Amino acid sequence: MKTTTLFLTLTMAFFLFSCEDKKNAPEPEKPTSLSRVRGFMVSDAKDFDRNALNTAVEWGANVIRLPILPERYARINNIGIWDALPAYLNILDERIRWAKARNLKVVIDLHGAPVENPGDIFQPEFWNKPEVKPGFIRIWKEIAAKFKDSAYNDVIWGYDLYNEPVEQVPSTAHIPFKWREMVPEIISAIREIDNDVWIIYEPGPWGDPLGYTELTPLEDKRVIYSIHYYSPGEFSHQGVNGFYGANSKEEAKKRIGKEYPADYPELYWDNVEKKDKYRPVHWDKEKHIKTLQPVIDFQKKYNVPIYVGEFSVIRWAPVESAKHWLTDMIDLFEENGWSWSYHAFREWHGWDLEYKEGPGEFWFQGDPYPERSKTETERAKIIKAALQKNKTVMS
C-alpha cells in the first residue's frame, strides 16, 4: 500500500511539473521559411508603369525592388512630406496590386530619407539631426499600417528599411553607428502593427560586404540581410558621370574600355591614412569570393537569408567583359542560395539591358538620349537565362 501511494504521489508530482513546465515553455518560433526571388530593381514607384511590370514578368522575374522617395514626391508637389505621404502610399498601393495580379512579389525599398530637407544624407550632420530617427520610425509605421492586411502577405516580400546607409568623413566611409542603434526601434514599431512581414536590413557602408565583418544579427528572426555589389567600381561604373574621376566628358572617355577580369586598385575603408590606400589586385571570380566572404561566413554562422538588392555593370563596358562579370556574379549568388535583383529595369538607360552596349555606345550627361537596341543585347540574354531558374521549385 505504501509503495502504491508513493507511486501515485510521484506520478501526480511529475504530471503537475510537466504541466507547469509546458506552461512556462517559450512559444515556438513562427516558421522562418522564405521564398527565393530573382528579378529587378525598377524606377521610383511614382514613375514605374504597368507595361514595365508586365515585361519584367515576361522575362521571368518573380520580384521587383520598388524604390520609394516620399520626400522627393513632397518636394515636387510643394507640400510637406507627411501631408504628401497618404497620396504617395496610394500610388505605391496601386503598383503593388498590379504586381499581385501578375504573381510578382515586391520589395518596398525606402530609397530616400524620410525627413524634410535632409541635406547631405552621407554626412554625420544628417545622422545627428534630431528628426531622423522619428522620421524613420514614423514612415515605417505608416507603411506597416497601410499594408498590414493579409491580402498583402503573398505579394510583399519584404520592407527594405533604408537604401545604402553610410556616414562619410574625409577620405573614408563607415556604417552609420546611429543607424544600427535605431534599427531595432524601427523594427519594434513595425512589429506593433505586423508580426509577419519580413524586414530587409542593409548594414552599410553603402551596400559593401565589409559591413558584415564582425556583424552580429538583429534579434528579430524575420530579417533578410542585404548587400549591393558593383566591385570593382572602376569596371562597373567606367565613364559614369561623377564616379572614379569621370567629372567631365573628357575625363570620362579616358575611363571607358576597362576589361574584366583585370587588375584594379581596391579601396579599404579602414586603411585611409596609409600610403598604400589603393592596393592593386586581380579581379576575377576568385577575388569576388574573397570579397564576399564576410557575407558568406555571416550567412553560414547565423543561418540567415541573404538578398543582393542591386548589382550591375554599365552598358558601355566591353561586351565580353560585361558578360563575364554578370555570369560570375550570378554563379556566385546561385552557389550561395542568395536572392537577387538586377539594377535596373527601365530606370536609367545606363544600366538598362534593352539599350545598345559596348564602348561605342558611351553616353555622358548632355548627350542626346540614346535609342533602344533593335536586337536582344548580350547582357539581356544572360539575365533572362538566369531568371528562368524561377520556374523551378525553390526550397
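**Three helix pairs and three backbone spots**

Hi everyone, let me start with a crossing: helix H6 passes helix H7 in a right-handed way, that is, with the near helix turned clockwise from the far one by less than a right angle (anticlockwise would be left-handed). Please keep in mind that this is a predicted model, where local features need pLDDT of at least 70 and side-chain atom pairs count only at pLDDT 80 or more, while totals for chains, interfaces and linings use all residues. Residues are numbered from 1 along each chain as its sequence is written, and side-chain values use heavy atoms, with hydrogens and water left out.

Back to that pair. H6 covers residues 132–146 and H7 covers residues 177–191; helices (H or I, at least four residues) and strands (E, at least two) are DSSP runs numbered from the N terminus. Their axes are 9 Å apart and the packing angle is about 30°, with axes fitted to C-alpha atoms, for helices over the stretch in contact, and angles from 0 to 180 degrees between N-to-C directions. H6 and H7 are therefore roughly parallel (under 35 degrees; over 145 is roughly antiparallel, 65 to 115 roughly perpendicular, the rest oblique).

Who touches whom here? On the H6 side we find Val132, Lys133, Phe136, Ile137, Trp140, Lys141 and Ala144, and they meet Trp179, Met182, Glu185, Ile186, Ala189 and Ile190 of H7; contact means heavy atoms within 4.5 Å. By class, this contact of H6 with H7 holds 10 nonpolar residues, no polar ones and 3 charged (Ala, Val, Leu, Ile, Met, Phe, Trp, Tyr, Cys and Pro are nonpolar, Asp, Glu, Lys and Arg charged, and the others, Gly among them, polar).

Now to helix H11, which appears in two pairs on my list. With helix H12 (residues 378–387), H11 packs at an angle of about 15°, and the axes are 9 Å apart. That makes H11 and H12 roughly parallel, and H11 passes H12 in a right-handed crossing. From H11, the contact takes in Val319, Ala322, Lys323, Leu326, Thr327 and Ile330; from H12 come Glu378, Arg379, Ile382, Ile383 and Ala386. Sorted by class, the contact of H11 with H12 has 7 nonpolar residues, 1 polar and 3 charged.

The other partner is helix H10, residues 285–302, whose axis comes within 10 Å of that of H11 (residues 319–335), crossing at roughly 45°. So H10 and H11 are oblique to each other, and here too the crossing of H10 past H11 is right-handed. Lys285, His288, Ile289 and Leu292 of H10 sit against Trp325, Asp328, Met329, Asp331, Leu332 and Glu335 of H11. In the contact of H10 with H11, the classes come out as 5 nonpolar, 1 polar and 4 charged residues.

Let me move to the backbone. Most residues other than glycine have a negative phi, and most peptide bonds are trans. So which places are worth pausing at?

Look at the bond joining Gly204 and Pro205: this peptide is cis, with omega of about -5°. Pro205 belongs to the loop between strand S7 (199–201) and strand S8.

Then there is Tyr260 with Pro261, again joined by a cis peptide bond, with omega of about 0°. You will find Pro261 in the loop between helix H9 (249–254) and strand S9.

Where does Asn117 sit? This residue is in the loop between strand S3 (105–110) and helix H5 (124–127). Asn117 is not a glycine, and yet its phi is positive, about 45°.

That is my tour; thanks for listening!
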